[in-house]
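This report examines the pockets of one protein model. Which residues line the largest pocket, and how much space lies in it?

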Amino acid sequence: MITVQTDVGGSIERVQYALVPSHEFSLPPALHEAGESLRRDWEHLEPDPYMADGGKYRFRRYGLFQLSAATGQLTHVSDASFYQSIEINPLNGGEHRHFAPLAPDTVENPFLHELIQFDFAQLTSKKHIEGDWLIGVHQIRITATTGVQGNPTPEGIHRDDENYTSQHLVSRHNIGGGINYFYGSGPEPTRRPQAVWKQESYFDSYYFERSLWHSVSPITSGDRGGDGHRDVILIDFVESSGVH
Ligand SMILES: [Fe+2]
């Protein structure tokens with residue numbers, strides 16, 4: 001079992017987000033190998049084919065799961081596309097995007113299954129949850145090299161469509177930038193961010209709900225120049241009951 005010291009659900013209830021440094025997590029030794037196998041996936045992502053700016057700095061895979069809140073049963077949904085509205089993502093939204101799928105081993109990875117169940121439990125710990133949920137798993141690498149920055153997805157201050165989102169840093173290598181900003185959950189973002197956080201270590205993580213305004217700054221090549229990257233796993237949770 002993954003455990004965490006932070007009351008993620010309580011923080012979500014109070015301020016709509018939770019920032020959790022890696023040292024607050026305890027990852028189970030029995031799932032260590034599966035966790036390491038998952039981390040190696042970021043060396044084998046595919047170029048993002050939906051880059052309206054023509055950039056070649058983003059690599060990803062995507063998979064969709066269904067989770068029954070009643071039984072805890074997690075099922076992979078094959079051949080899923082990903083949709084963001086044009087309001088949420090003016091640059092690349094407004095169409096169904098077919099990213100490279102998760103690798104077959106990843107779909108079955110026990111650490112990933114545990115992480116999905118764990119994150120869902122944290123995010124919904126203060127709520128009465130039932131029905132079916134759709135859970136999107138995004139493996140994303142943004143690269144930067146000398147003179148070419150990497151932009152996050154989506155760009156700028158925005159809110160997400162999904163009920164809840166979790167994000168875990170997988171790797172940060174030879175880059176500047178890549179800083180997370182959180183701007184409250186009112187009708188408009190606050191003028192200044194309420195929280196600013198640079199994730200540095202494997203498993204530095206944050207959680208938020210859909211009302212939260214947020215952004216990530218572009219990454220630039222590190223002080224020594226050359227190639228750098230920022231790898232994250234992003235998991236989004238959508239209540240699907242009543243939709244079908
Ligand atoms: Fe977002």
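In this predicted model, the lining of the largest pocket consists of Tyr62, Leu64, Ser81, Phe82, Tyr83, Leu134, Ile135, Gly136, Asp161, Glu162, Asp236 and Val238. Two or more of these residues come from each of the elements β5 (58-68), β7 (82-83), β9 (132-144) and β17 (228-239). The greatest contribution to this lining is that of β9, which supplies three residues. The space in the largest pocket amounts to about 230 Å³.

By residue class, the lining of the largest pocket comprises seven nonpolar, two polar and three charged residues.

The second largest pocket holds about 150 Å³ of space. It is lined by 13 residues, of which Tyr62, Ser78, Asp79, Ala80 and Pro101 are the closest to its centre. Two or more lining residues of the second largest pocket come from each of β5 and β6 (74-77). Here the largest share belongs to β5, with three residues.

Tyr62 appears in the lining of the largest pocket and also among the residues closest to the centre of the second largest pocket. Likewise, β5 gives two or more residues to the lining of the largest pocket and to that of the second largest pocket.

The table sets out the two pockets.

| Pocket | Space | Nonpolar | Polar | Charged |
|---|---|---|---|---|
| Largest pocket | about 230 Å³ | seven residues | two residues | three residues |
| Second largest pocket | about 150 Å³ | eight residues | four residues | one residue |

Terms used. Residues numbered from 1 in each chain as written. Predicted model: local features only at pLDDT ≥ 70, side-chain atom pairs only at ≥ 80, totals over all residues. Heavy atoms only, no water. 1 Å grid on protein atoms, 1.4 Å probe; cavity = no way out; pocket = protein on both sides within 12 Å on 5 of 7 lines; lining within 4 Å. Points joined across faces, edges and corners; volume = space filled by probe spheres on them. Helix = DSSP H or I, 4+ residues; strand = E, 2+ residues; numbered from the N terminus. Nonpolar A, V, L, I, M, F, W, Y, C, P; charged D, E, K, R; others polar.
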